[in-house]
Amino acid sequence: MMLDLSPFSDEKFDAKRWVNSSCEARHPQDSLEKHLVDLEMKLQIASEEIGSSLEEQSGSALLRVPRATRDVLRLRDDAVSLRSSVAGILQKLKKAEGSSADCIATLARVDSVKQRMEAAYKTLQDAAGLTQLSSTVEDVFASGDLPRAAETLASMRSCLSAVGEVAEFANVRKQLEVLEDRLEAMVQPRLTDALTYHKVDVAQDLRGILIRIGRFKSLESQYSKVRLKPIKQLWDDFDTKQRANKLASERSENQRLSGGDDFQLTSTQTSFASWLPSFYDELLLYLEQEWKWCMVAFPDDYMTLVPKLLVETMGVLGASFVSRLNLATGDAVPETKALAKGVMDLLSGDLPKGINIQTKHLEALIDLHSVTGSFARNIQHLFAESELRVLIDTLKAVYSPFESFKQKYGKMERAILSSEIAVVDLRGAVTRGVGAQGIELSETVRRMEESVPQVVVLLEAAVERCIGFTGGSEADELILAIDDTMLQYISMLQETLKSLRVVFGVDGTGDGVSSKKDGSAEKRSRKMDLSSNEEWSIVQGALQILTVADCLTSRSSVFEASLRATLARLNSSLSISLFGTNLDQNLSHLTSEQTAGDLSMAGRASLDVAAIRLVDVPEKARKLLNLLEQSKDPRFHALPLASQRVAAFADTVNELVYDILISKVRQRLGEVSRLPIWSSVEEQTAFALPNFSSYPQAYVTSVGEYLLTLPQQLEPLAEGISTNGDSNNEDAQFFATEWMFKVAEGATALYMEQLRGIQYVSDRGAQQLCVDIEYLSNVLSALSMPIPPVLATFQTCLATPRDELKDVMKSEAGSELDFPTANLVCKMRRISFD
């Protein structure tokens, strides 16, 4: 068995571990002593072999060292010799350069003179050739050999270029231009025939002639002129069919009138909206055929010729296309269809009053735009090999008929939203009689609450229309239109609230602290005639108005957040392609060989309908991108004015609800300061009668019962809020407590204001007033409200006997009193401090 020596070379070799592992690896039948003896012998033999090998190699190395030393010395001597040789060569080169420099300069001047002489010789040859060509060119034209004529004219152009501006050849230059025009005129009929009958070889030869004389533009214009005729015929077929259908309808009408009522008139009119897809399909098929033919006939030019044909086509059809689009939008609504008018006529104000832009008008336009968008995507796929600039110009031409409509999108959207908002009925329930105020208020609140989601749906539809029609390029106009619409809607809500204030007699009231007198006794009597059920019905209706404000606030904030998210998405898509101010900057990273099929994400994004429209209007693009960039800021308000008006409406609702809730308290406390009982005096009798404790008067018990019943009225509304998922039960409880405290504080303030208006209080009146105040204080305590210091001072001063009041005010207990109020009570009770 061979001994493995590799473990001995390991730096971490452990002799004990190696011996143990060797013993474990022995054959089971071998004894340990025998195995160790064999192992020792193998190690000894291996060490002897290694020692002998090392000695042999060391001796050989000692013999090689002198030989290697001699080789190194020889190489060093060779290097020194080579360096000296190179130095000598360099010195010789320097001497040769110094002596031959003048000769080289002389040779350079001679060579320059030679070149100028050759150039002059060539120019003289060109001049001679130009003279000869100008004298023989007429013979070439007379021969009818167009390629030779083109070659002759090209040679003349080359000679003229070599000769430069020489007066002797000025006439030749003019002659050349005339001859080129003449040759172009000779080529055009043949080119027209070749294009018309698809003669590939002839067309290629004629193209070569035009390129040879620098008249390639003539090929483009002639190609577009020939190929445009079938497309124009296809477009005019619509008018032809319409006139034929109209004549047939008139003929049928005449036959019906002459032959009786048995003949049934059938309408065969075809709408532009239904005809346009078929036109696009036939046009696309025609362009596909042309693309394939041009690939064979003009392999170097087909990527520009066919797109240019489509651009020329849209330019020729532009005015007619816009007119048909306008009439097609009018066909969507019977009123404008009968007048043969469209959206543009409505915007110009040419139609009678009462006929407004409707949603159907814009939806019809969007449908037509969608059909055009499908055609544009097919064109993008067909022209994928063309350069990006060519493709963008082509797509821009496809969408060009809609440009005038897009420029007036903001005006259209404003008119549509304004008319839709005007239809919302909020005031139909505010005209009923006095006896149905509760029902009236409930109905009005219901209409107001239902109108909020309706308006939000209208605004969301406007956003969809903007994206579908303009691709977001008119987002700034959309925001202005929505903001104006929200202001109009909130103004309608505000007017409804004003009407409700008048109906319920709270118009012109203050903030609950100061009470104004009613305008007439009739109003007071009307209020007092309401039954308890009607009063609580009014209260319930008033509380429901709070849900309108809450719904408007929440829905408007959600809509604004959605609008902000839409603007952020637009910013992401548009900023990719519109990161510069013009197309050249945007596409500076693209080479001329790159096509739309090889575009990066930025290139593909630049083919978006909005980017196509904005790419050549950098100022509008910059403003739009600034607006969209601001939408990323959480503090950004897409509808700044509307947000302020929504908050103002919520404040107005709170004020109205408070005035309605406090109106009953205001009615009961309106005459408290003038009650005769405050100045009444006890009657003197001959008999000693026992004293009976006073009871609270009706006015204060009515107010107290109203306040104690108010939590029950607030409970249904609070439960409704807690089940809407907008807040939890704690928020609902806080809502009910907040309003209860607000009304109770207002009632207390009104009562204290009436108390300050009392002129004189007798002892009997003080006793009665103290009982009334105590009752109201107990009510406030039952509602967990603190007793105001002013009210507590009134109660203390009125409960104290007249002759003891001065001492109480001067005592330690008097420090807890409100001194202005205490002085006022002393004045009421005719107590002097003198």
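**Exercise 1. Which helix holds the place of Q754?** Then work out whether Q754 is buried or exposed, and list what Q754 touches.

*Solution.* A quick note before we dig in: this is a predicted model.
- Step 1: look up the helix. Q754 has its place in helix α25, which covers residues 729-756.
- Step 2: check the cover. The relative accessible area of Q754 is 14%. Buried means under 20%, so Q754 is buried.
- Step 3: find the partners. Leaving out residues up to four places away in sequence, Q754 touches L669, G670, E671, V672 and S673.

**Exercise 2. Get a feel for the whole protein: how many helices and strands are there, and what share of the residues is buried?**

*Solution.*
- Step 1: count the elements. You'll find 29 helices and zero strands.
- Step 2: turn to burial. The protein has 834 residues, and 40% of them count as buried.
- Step 3: look at the contacts. Take those between residues at least 6 apart in sequence: 77% of them join residues at least 24 apart.
- Step 4: finish with the surface. The accessible surface is about 46200 Å², and 55% of that belongs to carbon and sulfur atoms.

**Exercise 3. Follow helix α23 from end to end: what is its reach, and where does it bend?** Add a look at D659 on the way.

*Solution.*
- Step 1: compare reach and expectation. Helix α23 runs over residues 640-669, 30 residues in total, and spans 43 Å from first C-alpha to last. That is close to the 44 Å expected at 1.5 Å a residue.
- Step 2: find the bend. Helix α23 bends by about 40° at I662.
- Step 3: stop at D659, which sits in α23. With a relative accessible area of 0%, D659 is buried.
- Step 4: match D659 with G746. The two are 87 residues apart in sequence, yet their C-alpha atoms are 9.7 Å apart in space.

**Exercise 4. Describe how α7 and α8 pack, then do the job again for α11 and α14.**

*Solution.*
- Step 1: take the first pair. Helix α7 (residues 272-297) packs against helix α8 (residues 302-330) at an angle of about 170°, and the axes are 11 Å apart.
- Step 2: name the arrangement. That angle makes α7 roughly antiparallel to α8.
- Step 3: pick out the residues that meet. On the α7 side they include F272, W275, F279 and W291, while the α8 side includes Y302, M303, F321 and R324.
- Step 4: take the second pair. The axes of α11 (residues 359-382) and α14 (residues 409-423) come within 9 Å and cross at roughly 140°. Angles over 145 degrees count as roughly antiparallel, but this pair is oblique.
- Step 5: name the contacts. T359, L362 and L365 in α11 meet Y409, M412, E413, I416 and E420 in α14.

**Exercise 5. Walk through the stretch around α5: what is phi at H198, which residues of α5 are buried, and what is phi at G214?**

*Solution.*
- Step 1: start in the loop between α4 (170-196) and α5, where H198 is found. Phi of H198 is near 55°, a positive value in a residue other than glycine. Most residues other than glycine have a negative phi.
- Step 2: check its cover. H198 is partly exposed, at 39% relative accessible area.
- Step 3: move into α5, residues 200-212. There V200, A203, L206, R207, I209 and L210 are buried.
- Step 4: step just past α5, where G214 takes a positive phi of about 70°.

Key
Residues are numbered from 1 along each chain as its sequence is written. This is a predicted model: local features need pLDDT of at least 70, side-chain atom pairs count only at pLDDT 80 or more; totals for chains, interfaces and linings use all residues. Side-chain values use heavy atoms; hydrogens and water are left out. Helices (H or I, at least four residues) and strands (E, at least two) are DSSP runs, numbered from the N terminus. Buried means under 20% relative accessible area, exposed over 50%, partly exposed in between (1.4 Å probe, protein chains only). Contact means heavy atoms within 4.5 Å. Accessible areas come from the Shrake-Rupley method with a 1.4 Å probe; for residues, only the protein chains shown count as cover. The expected span of a helix is 1.5 Å times one less than its number of residues. The bend at a residue is the angle between axes fitted to the seven residues ending there and the seven starting there. Axes are lines fitted to C-alpha atoms, for helices over the stretch in contact, and angles run from 0 to 180 degrees between N-to-C directions. Angles under 35 degrees count as roughly parallel, over 145 as roughly antiparallel, 65 to 115 as roughly perpendicular and the rest as oblique.
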